[in-house]
Amino acid sequence: MLALTTPSFWNRSVENEWFVRTARRLLHERSVAGSLDGKVGNGLTQLARNHPAASVRLRALWTMHAVGLLTDDVATQTLKDADEHVRAWTIQLLTDDRKVSPALLQEFVRLAKNDPSPVVRLYLAAAIQRVPGVNIASSAGGEGGFSENDRVSIRGTSPSLTQTMINGHAVSTG
């Protein structure tokens, strides 16, 4: 079973997605049955953090999520990954269960402010809607995003506490 999480297995399987999907399925089945070896987490963590190929880092991240081993520590590091898709998928996986730690929410804020990738910003925009405590009210009837009457607020706070910035300038939220 440990062989499924060794770099040699993942290096050989880069060309063949079937091997990776089968390994992910087997590890998930063992996780559900409670027979997952404790060393599996270490192997997957090393792959997610250090493998030179972004595709392997992504596959390790997906597998960690599938078997319930995606920790805040690993997520904090993968949110700083050089590859935009690794960062974006980390956001997606963290918000799937609607439970995001305050420390990771701070990382989301950092990414929203500083990340140059439109892919990461898109995943953040989609993910924030799944985070408890955030309301997004849109009056836009169709596609195309926000209109003038749309509101983003945090449940339990006064609307006057929400500040809207456009290009670094505060605007009235009326």
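This is a guided tour of a predicted model, moving from the overall fold to single residues that can be selected in the viewer.

**The whole chain**

Begin with the full protein shown as a cartoon, where eight helices and four strands can be picked out. Following the chain along its sequence gives the pattern α-α-α-α-α-α-α-α-β-β-β-β, with the helices preceding the strands. If you colour by accessibility, 33% of the 174 residues count as buried. Among the contacts with a separation of 6 or more, 52% link residues that are 24 or more positions apart.

**The nonpolar core**

Next, select Leu-44, Leu-70, Leu-79, Ile-91, Leu-94 and Phe-108, which are the residues with the most contacts inside the largest nonpolar core, a set of 28 residues. To see which helices build this core, add α3 (39–50), α4, α5 (72–78), α6, α7 (102–114) and α8 to the display, since each of them supplies at least two of the core residues. As background, nonpolar side chains in soluble globular proteins tend to be buried together.

**Where α6 and α7 cross**

Keep α6 and α7 on screen and hide the rest for a moment. The axes of these two helices come within 12 Å and cross at roughly 145°, and the crossing is left-handed. To look at the contact itself, show side chains for Arg-87, Ile-91, Leu-94 and Thr-95 on the α6 side, which meet Leu-104, Phe-108 and Leu-111 on the α7 side. Sorted by character, the residues of this contact comprise five nonpolar, one polar and one charged. Three of the residues shown here, Ile-91, Leu-94 and Phe-108, were also selected in the previous step as residues with the most contacts inside the core.

**Thr-90 in α6**

Staying on helix α6, select Thr-90. Is this threonine buried or exposed? With a relative accessibility of 0%, Thr-90 counts as buried, because the cut-off for that class is under 20%. Leaving aside residues up to four places away in sequence, the neighbours that Thr-90 touches are Leu-61, Ala-75, Thr-78 and Leu-79, and the last of these, Leu-79, is one of the core residues selected earlier.

**The aromatic cluster**

Now show the rings of Trp-62, Trp-89 and Tyr-123, which form one aromatic cluster. The structure holds two aromatic pairs. In one of them, Trp-62 and Trp-89 are arranged edge-to-face, with 5.3 Å from centre to centre and 80° between the planes. Trp-62 belongs to helix α4 (residues 54–66) and Trp-89 to helix α6 (residues 84–95), so this pair ties together parts that are 27 residues apart in sequence. Both tryptophans are partly exposed, Trp-62 at a relative accessible area of 25% and Trp-89 at 28%.

Turn next to the pair formed by Trp-89 and Tyr-123, whose ring centres are 6.2 Å apart; their planes stand at 55°, so the pair is tilted. Because Trp-89 lies in helix α6 and Tyr-123 in helix α8 (residues 118–128), the pair ties together parts that are 34 residues apart in sequence. Tyr-123, with 22% relative accessibility, likewise counts as partly exposed.

**Three C-alpha distances to check**

The last stops are residue pairs to select and join with a distance line. Start with Val-20 in helix α2 (residues 17–33), a residue that is buried, with a relative accessible area of 0%. Val-20 and Val-56 are separated by 36 residues in sequence, and their C-alpha atoms are 9.4 Å apart in space.

Move to Asn-42 in helix α3, which counts as exposed at 54% relative accessibility. From the C-alpha of Asn-42 to that of Leu-69 the distance is 9.6 Å, with the two residues 27 apart in sequence.

Finish at Ile-128 in helix α8, which is partly exposed at 29% relative accessibility. Ile-128 and Leu-105 are 23 residues apart in sequence, and 9.4 Å separates them in space, C-alpha to C-alpha.

Technical notes: Residues numbered from 1 in each chain as written. Predicted model: local features only at pLDDT ≥ 70, side-chain atom pairs only at ≥ 80, totals over all residues. Heavy atoms only, no water. Phe/Tyr/Trp six-rings, centres within 6.5 Å; stacked < 30°, edge-to-face > 60°. Buried < 20%, exposed > 50% of the residue type's maximum accessible area, 1.4 Å probe, protein only. Core = buried A, V, L, I, M, F, W, Y, C linked by side-chain atoms within 4.5 Å. Axes fitted to C-alpha atoms, helices over the stretch in contact; angles between N-to-C directions. Left-handed = near helix turned anticlockwise from the far one by under 90°. Contact = heavy atoms within 4.5 Å. Nonpolar A, V, L, I, M, F, W, Y, C, P; charged D, E, K, R; others polar.
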